[in-house]
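Got the viewer open? Let's walk through the model one selection at a time, with the ligand as our base camp.

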Amino acid sequence: MQKKINCVILASGNGSNALNLIRKFHTDTKDADAVEDRNITCNINISAVVSNIENAPVIEKVRLAAPDIPVFFLPYASVSEREYFEKELESIIRKYNINCIVLAGFMRILSKEFVSKFHNKIINIHPSLLPAFKGKDAIKSAFDYGVKYTGVTVHYVTPEVDAGPVICQEVVKIEENDTLESLELKIHDMEHKIYPAALKKIFA
Ligand code: GRF
């Protein structure tokens with residue numbers, strides 16, 4: 001039997017990527033389109049979701065969409081909370097036999113020690129064509145710069161922020177009539193295509 005790949009999603013905000021991955025991979029989804037869409041040979045399982053922000057929309061959204069997926073709030077607002085956060089996260093990883101840590105809008109930096117311990121097991125999605133426009137507000141930075149092409153990158157997480165080996169990358173063209181808002185929509189649409197594709201590429 002194919003080995004089950006258990007993932008934990010880490011998210012701090014809106015949660016559209018977390019929700020999309022759950023829609024694609026959660027076995028109990030009632031969503032007919034998602035079931036049709038799912039690659040049945042791919043044994044990816046969303047085992048848990050962790051947020052570092054107590055009232056982040058992602059928490060409520062996941063609870064509503066998939067009440068059987070455990071959702072944890074682990075405080076990590078400032079660096080002083082990182083040690084506690086990582087310790088608790090490690091117990092969740094052990095408890096659910098996690099094979100992959102999926103960052104989906106997780107707005108905190110994991111320590112070098114944690115990243116090294118889970119080498120090649122942590123992946124992230126970034127809304128630009130890395131190595132261009134690293135860091136926060138990447139969509140706006142690309143738009144303000146006036147580049148004609150930007151995009152989305154899924155990469156392994158290394159101790160250096162937004163710098164690990166690229167797993168998947170897709171281009172998004174910035175048209176003359178694009179606004180920041182229309183570009184954000186295009187980028188998020190692309191994210192929702194390539195994050196599931198990246199997971200399938202790694203594990204299918
Ligand atoms: C996405 O743009 C992702 O690329 C970046 O953070 C954003 C998270 O959006 N890392 P959401 O919370 O998944 O809607």
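Start with Ser16: a polar side-chain atom of this residue lies 2.6 Å from an oxygen atom of the ligand, a polar contact in the sense of a pair of N or O atoms within 3.5 Å. Before clicking on, note that this is a predicted model, where local features need pLDDT of at least 70, side-chain atom pairs count only at pLDDT 80 or more, and totals for chains, interfaces and linings use all residues. Numbering runs from 1 along each chain as its sequence is written, and side-chain values use heavy atoms, with hydrogens and water left out.

Now pick Ile125, where a backbone N or O atom sits 2.9 Å from a nitrogen atom of the ligand. Asn14 also uses a backbone N or O atom, 3.5 Å from an oxygen atom of the ligand. On its own the ligand has 370 Å² of accessible area, and the protein covers 85% of that (Shrake-Rupley method, 1.4 Å probe).

Next, select the whole shell, meaning residues with a heavy atom within 4 Å of the ligand. You should get Asn14, Gly15, Ser16, Asn17, Gly105, Ile125, His126, Pro127, His188 and Glu191. Sorted by class, that is two nonpolar, seven polar and one charged, with Gly counted as polar.

Colour by secondary structure (DSSP runs: helices H or I of at least four residues, strands E of at least two). Which elements give two or more residues to the shell? They are α1 (16–25), β5 (122–126) and α7 (180–203). Then colour by domain: domain 1 (1–118) and domain 2 (125–204) each supply at least three shell residues, with bounds from an automatic or database domain assignment.

Two backbone stops remain. Most residues other than glycine have a negative phi, and most peptide bonds are trans. Go to Asn120, in the loop between α5 (112–117) and β5: its phi is positive, about 65 degrees, although it is not a glycine. Finish in the loop between β5 and α6 (138–145), which holds Pro131. The bond joining Leu130 and Pro131 is a cis peptide bond, with omega about 15 degrees.

Definitions and conventions
Polar contact = N/O pair within 3.5 Å; in protein donor to acceptor, adjacent residues only side chain to side chain.
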